[in-house]
Every structure is written in structure tokens, then in C-alpha cells.
Amino acid sequence: MYFIQSDGTYLYQAEKIGDAHQWCKAMTERSLAAKQSVVVSNTFVRRWEIAPYQKLARQYGATFEVIECTNQYGNIHGVDPKTIATMKKRWQQWQNAQR
């Protein structure tokens, strides 16, 4: 959502990915603090990337669940197949992590 422009178009900017992640966490916390349900859809590859969201859920007493997409889905970011293959190799299943 961070990359959705005011006219509704999606414009991914790789150099702003750090800002996008900070924004996502801030919006998640704001929503949880307001007792709203939250769904974070992101390309988490490593457990440490998911962990801050679990911590926020605990902090606000929210149920935490990870839903892993295991099929082939489109790539709206224009990421080349080689990079996606690298991400797949780095993948860590959440179920194996301590909850």
C-alpha cells in the first residue's frame, strides 16, 4: 500500500523499501492500538522479518497467524526470476520457529 499513488496506480520504488517497511509496521501498530484487525501481506523470507509483527500482536493482545502462500503467484514488482529464486533459497518456514 505504501507504493500506491494518489491516483490509485502502483509505483514500486526499490530505493524506498526501508521506508515502506517502517510505514507498514507503524500502520500495523496504529491499527492494533485502535483494536482493529490487521492483515500484513508482505514478502517475508526470513523469520526475523516476521518477528516484529508477532511482537506487536502480543503487545496488543491480538491473535497472530502466518499464512504461507505455497503456489505460484504473479509478480507485480517486476522482480527478475533469478532474484525470486534466490529469495526461495533463503526461505524459512514460520512453523519451524518458536511461537
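**View 1. Packing of helix H2 against helix H1 in the predicted model.** The buried residues of H2 pack against helix H1, which covers residues 17-33. H2 itself runs over residues 47-59 and has 13 residues. From its first C-alpha to its last, H2 reaches 18 Å, close to the 18 Å expected at 1.5 Å a residue. Its buried residues are Ile 50, Tyr 53, Gln 54, Leu 56 and Ala 57. Seen down the axis of H2, these buried residues fall within an arc of 160°, so they line one face of the helix. An α-helix has 3.6 residues a turn, so residues three or four places apart point the same way. On the face of H2 turned away from the buried side are the exposed residues Trp 48, Lys 55 and Arg 58. Gly 61, just after H2, takes a positive phi of about 65°.

**View 2. The largest nonpolar core and the contacts of Cys 24.** Five residues make up this core: Cys 24, Phe 44, Ile 50, Tyr 53 and Trp 94. Ile 50 and Tyr 53 are also among the buried residues of H2. With neighbours within four places in sequence left aside, Cys 24 is in contact with Val 40, Asn 42 and Tyr 53. The backbone oxygen of Cys 24 lies 2.8 Å from a polar atom of the Thr 28 side chain.

**View 3. Surroundings of Thr 28 in helix H1.** Thr 28 has a relative accessible area of 5%. The cut-off for buried is under 20%, and Thr 28 is therefore classed as buried. Leaving aside neighbours within four places in sequence, Thr 28 is in contact with Val 38, Val 40, Tyr 53 and Leu 56. Tyr 53 and Leu 56 belong to the buried residues of H2. Asn 71 is 43 residues from Thr 28 along the chain, and the C-alpha atoms of the two are separated by 26 Å.

**View 4. Ser 31 in helix H1 and its contacts.** Ser 31 counts as buried at 17% relative accessibility. Apart from neighbours within four places in sequence, Ser 31 is in contact with Gln 36 and Val 38. Val 38 is also in contact with Thr 28.

**View 5. Val 66 in the loop between H2 and helix H3.** Helix H3 covers residues 81-90. At 22% relative accessibility, Val 66 counts as partly exposed. Not counting residues up to four places away in sequence, Val 66 touches Ile 50 and Trp 94. Both Ile 50 and Trp 94 are members of the largest nonpolar core. Val 66 lies 9.4 Å from Val 40, C-alpha to C-alpha, with their positions 26 residues apart in sequence.

**View 6. The aromatic cluster containing Phe 3 and Tyr 12.** The count of aromatic pairs comes to six, for ring centres within 6.5 Å. In the pair of Phe 3 and Tyr 12, the ring centres are 5.0 Å apart and the planes stand at 65°, so the pair is edge-to-face. The cut-off for that class is over 60 degrees between planes. Phe 3 counts as buried at 6% relative accessibility, whereas Tyr 12 counts as partly exposed at 30%. One aromatic cluster is formed by Tyr 2, Phe 3, Tyr 10, Tyr 12 and Trp 23.

Terms used:
Residues are numbered from 1 along each chain as its sequence is written. This is a predicted model: local features need pLDDT of at least 70, side-chain atom pairs count only at pLDDT 80 or more; totals for chains, interfaces and linings use all residues. Side-chain values use heavy atoms; hydrogens and water are left out. A nonpolar core is a set of buried Ala, Val, Leu, Ile, Met, Phe, Trp, Tyr and Cys residues joined through side-chain atoms within 4.5 Å. Buried means under 20% relative accessible area, exposed over 50%, partly exposed in between (1.4 Å probe, protein chains only). Contact means heavy atoms within 4.5 Å. Helices (H or I, at least four residues) and strands (E, at least two) are DSSP runs, numbered from the N terminus. The expected span of a helix is 1.5 Å times one less than its number of residues. The arc is that of the directions from the helix axis to the C-beta atoms. A polar contact is a pair of N or O atoms within 3.5 Å; within protein, one must be able to donate a hydrogen and the other to accept it, and residues adjacent in sequence count only if both atoms are side-chain atoms. Rings of Phe, Tyr and Trp (its six-membered ring) pair if their centres lie within 6.5 Å; planes under 30 degrees apart count as stacked, over 60 as edge-to-face and the rest as tilted.
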